[in-house]
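Let's walk through this one together, starting with the sheets and then moving on to the helices and a few individual residues. Keep the structure open beside you as you read.

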Amino acid sequence: MKLLRGGLPVLLLLLLLSWPLSWEAETVEPLRRGSLYGNRYAGDKVIRIVPKNGKEAETLKTISQQLQVDLWQPGSISYISKGAVTDIRVSRNNSQILLPCLQQANIQYTVLISDLQKAVENQSGSRSRNRRSLQEYSYEIYHSLEEIQDWMYQLNTTHSDLIHMFSVGKSYEGRPLYVLRLGKRSWGYKKAVWIDCGIHAREWIGPAFCQWFVKEALQTYQSDPAMRRMLNQLYFYIMPIFNVDGYHFSWTHDRFWRKTRSKNSRFHCHGVDANRNWKVKWCDEGASLHPCDDTYCGPFPESESEVKAVAHFLRKHRKQIKAYLSFHAYAQMLLYPYSYKYATIPNFSCVESAAFNAVNALQSVYGIRYRYGPASSTLYVSSGSSMDWAYKNGIPYAFAFELRDTGHFGFLLPEALIKPTCTETMLAVKNITLNLLKKCH
């Protein structure tokens, strides 16, 4: 059989080109009653491929572009390479094309999730449970945007000695961007730590951890000397949901939405990758100029209301904020700068030591291993990230966590794993925070 460069049979390529692509239509269909997300993911699959050589990688890139797959990892088709773990969500219709293509090209694959609709419903459990009052609020289930904001309001009322709630701005769709300042009130200067979760909408374990952190801080302030020291000597600015519009959309329309929800005047595609929109090597390697791509960097730096608002707040408080922590999923990694280039940061020894101690603390709970290191070499090169921006703007400790797992559940981490994930991550964050209170030479 005649092959194209990259090993893709001509016959299969013609089949790909002639197949009607329905992905974009599938990703904007509104939620219908009856089953979660209108049963839209029935028969969809998530498959894993690890290309054995450059030829397989090129073939996989070609197929992925033609089928417009939803790439779960790596972050962009351009990152698909020899040995790179590649997780692809493919629709029911397109799986009938993709799997024969892979078999024809002798590319081995593993089916991680055979029916995505069932996996979505298994993750979500029952959504009819009472989650309204603080006494009944469960930190071991996922919460909607409305529930999380109600929770923040209630904490602001009941724990005014340690909590102050405020907004740093509004989202594209006009939602307030709420932040909790956590810590013992002080009229003097206090160092601070910024924590954000949910930059990428579909990574639900992030917002779950932000809530868990606040809960643990409030519940152990009196009993845990380390926590008391942290809250007495530091402020924590905690943003449970950075990308509020996208997170809401991931609950109501598309569980796997990643970007913001801003509109593009020239394209019908919505949204910008809020972790490619920062003014640090903006739209260079690892970011896309195409509005329909998941890693679209936006029309200009800080084009997104959410990014602009947070950047303004961080700039305003840059002398106070000593650590920036951002929570993502999934990969089980603790990353630090640089993300946009292969280079060693000036305070490498202090940051590397903090990361080493944090992952060891995390592993001590359940034995879960995290890789750690510079984002560019540990994960992949990406420009315009919040972590690099924070570091370049004078915040000496900047980290990005990639929480559980490594792909078995992917973005659909079950609610039963919220508690262990947050418990171990809590130790890592406390470790980093207590390290801030010491001098590192």
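**The eight-stranded sheet**

What you have here is a predicted model, and a good place to start is its open sheet of eight strands, with mixed pairing and the order β5-β6-β8-β7-β9-β12-β10-β11. The edge positions go to β5 (163-170) and β11 (371-374); each has a single partner strand, so one side of each has no neighbour in the sheet. Going from one strand to the next, the twist averages 20 degrees.

Now find β7, which has β8 on one side and β9 on the other in that strand order. With β8, the pairing is parallel and takes six bridges; if you want a residue to look for, lysine 191 has leucine 234 in β8 as its bridge partner. Six bridges also join β7 to β9, and these two strands run parallel as well. There, alanine 192 sits opposite isoleucine 321 in β9. Is β7 buried or exposed? Six of its seven residues are buried, so the strand is largely enclosed by the rest of the structure.

Carry on from β9 (residues 321-329) to β12 (residues 397-403): these strands run parallel and are joined by seven bridges. Phenylalanine 327 faces a phenylalanine across this pairing, namely phenylalanine 401 in β12.

**Helices on the sheet**

Helix α7 (residues 205-220) packs on this sheet, and its list of strand contacts is β5, β6 (176-182), β7 (191-197), β8 (234-239), β9 and β12. The direction of α7 makes about 140 degrees with that of β7. Helix α8 (residues 225-233) packs on the sheet too, touching β6, β7 and β8, and its direction makes about 90 degrees with that of β8.

Zoom in on glycine 206, which belongs to helix α7. Its relative accessible area is 0%, so glycine 206 counts as buried. What does glycine 206 touch, once neighbours within four places in sequence are left aside? The contacts are Cys197, Phe327 and Leu403. Phe327 is the residue we just saw opposite phenylalanine 401, so to speak a familiar face. 

**A pair of helices, and a tryptophan in a loop**

Next, turn to helix α6 (residues 145-158) and helix α9 (residues 244-252). They pack with their axes 9 Å apart, at an angle of about 130 degrees, and α6 and α9 are therefore oblique to each other. On the α6 side, look for Leu145, Ile148 and Gln149; they meet Val244, Tyr247 and His248 in α9. Sorted by type, the residues of this contact come out as four nonpolar, two polar and no charged.

Following the chain past α9, you get to the loop between α9 and α10 (305-316), where tryptophan 257 is located. Its relative accessibility is 11%, so tryptophan 257 counts as buried. Beyond its neighbours within four places in sequence, tryptophan 257 is in contact with Ala201, Arg202, Gly246, Phe249 and His270. A polar atom of the tryptophan 257 side chain lies 2.8 Å from the backbone oxygen of lysine 259 and 3.1 Å from the backbone oxygen of threonine 260. Phenylalanine 267 is ten residues from tryptophan 257 along the chain, and their C-alpha atoms are separated by 17 Å.

Histidine 270, one of the contacts of tryptophan 257, also gives you a distance back to glycine 206: the two are 64 residues apart in sequence and 22 Å apart in space, C-alpha to C-alpha.

**An asparagine before β12**

Where is asparagine 393? Look in the loop between α13 (386-392) and β12. With 16% relative accessibility, asparagine 393 counts as buried. Its side chain reaches the backbone oxygen of tryptophan 389 at 2.9 Å. Not counting residues up to four places away in sequence, asparagine 393 touches Arg315 and Arg318.

**The four-stranded sheet**

One more sheet to visit. This open sheet has four strands, ordered β2-β3-β1-β4, and the pairing is antiparallel. At the edges stand β2 (70-73) and β4 (110-113), each with a single partner strand, so one side of each is left without a neighbour in the sheet. On average, neighbouring strands here are turned by 35 degrees against each other, direction ignored. Strand β1 (residues 45-49) pairs with β4 in the antiparallel sense over three bridges. To find the pairing on screen, pick arginine 48, whose bridge partner in β4 is threonine 110.

Methods
Residues are numbered from 1 along each chain as its sequence is written. This is a predicted model: local features need pLDDT of at least 70, side-chain atom pairs count only at pLDDT 80 or more; totals for chains, interfaces and linings use all residues. Side-chain values use heavy atoms; hydrogens and water are left out. Two strands pair if DSSP finds at least two bridges between them. Axes are lines fitted to C-alpha atoms, for helices over the stretch in contact, and angles run from 0 to 180 degrees between N-to-C directions. Contact means heavy atoms within 4.5 Å. Angles under 35 degrees count as roughly parallel, over 145 as roughly antiparallel, 65 to 115 as roughly perpendicular and the rest as oblique. Ala, Val, Leu, Ile, Met, Phe, Trp, Tyr, Cys and Pro count as nonpolar, Asp, Glu, Lys and Arg as charged, and the others, Gly among them, as polar. Buried means under 20% relative accessible area, exposed over 50%, partly exposed in between (1.4 Å probe, protein chains only). A polar contact is a pair of N or O atoms within 3.5 Å; within protein, one must be able to donate a hydrogen and the other to accept it, and residues adjacent in sequence count only if both atoms are side-chain atoms.
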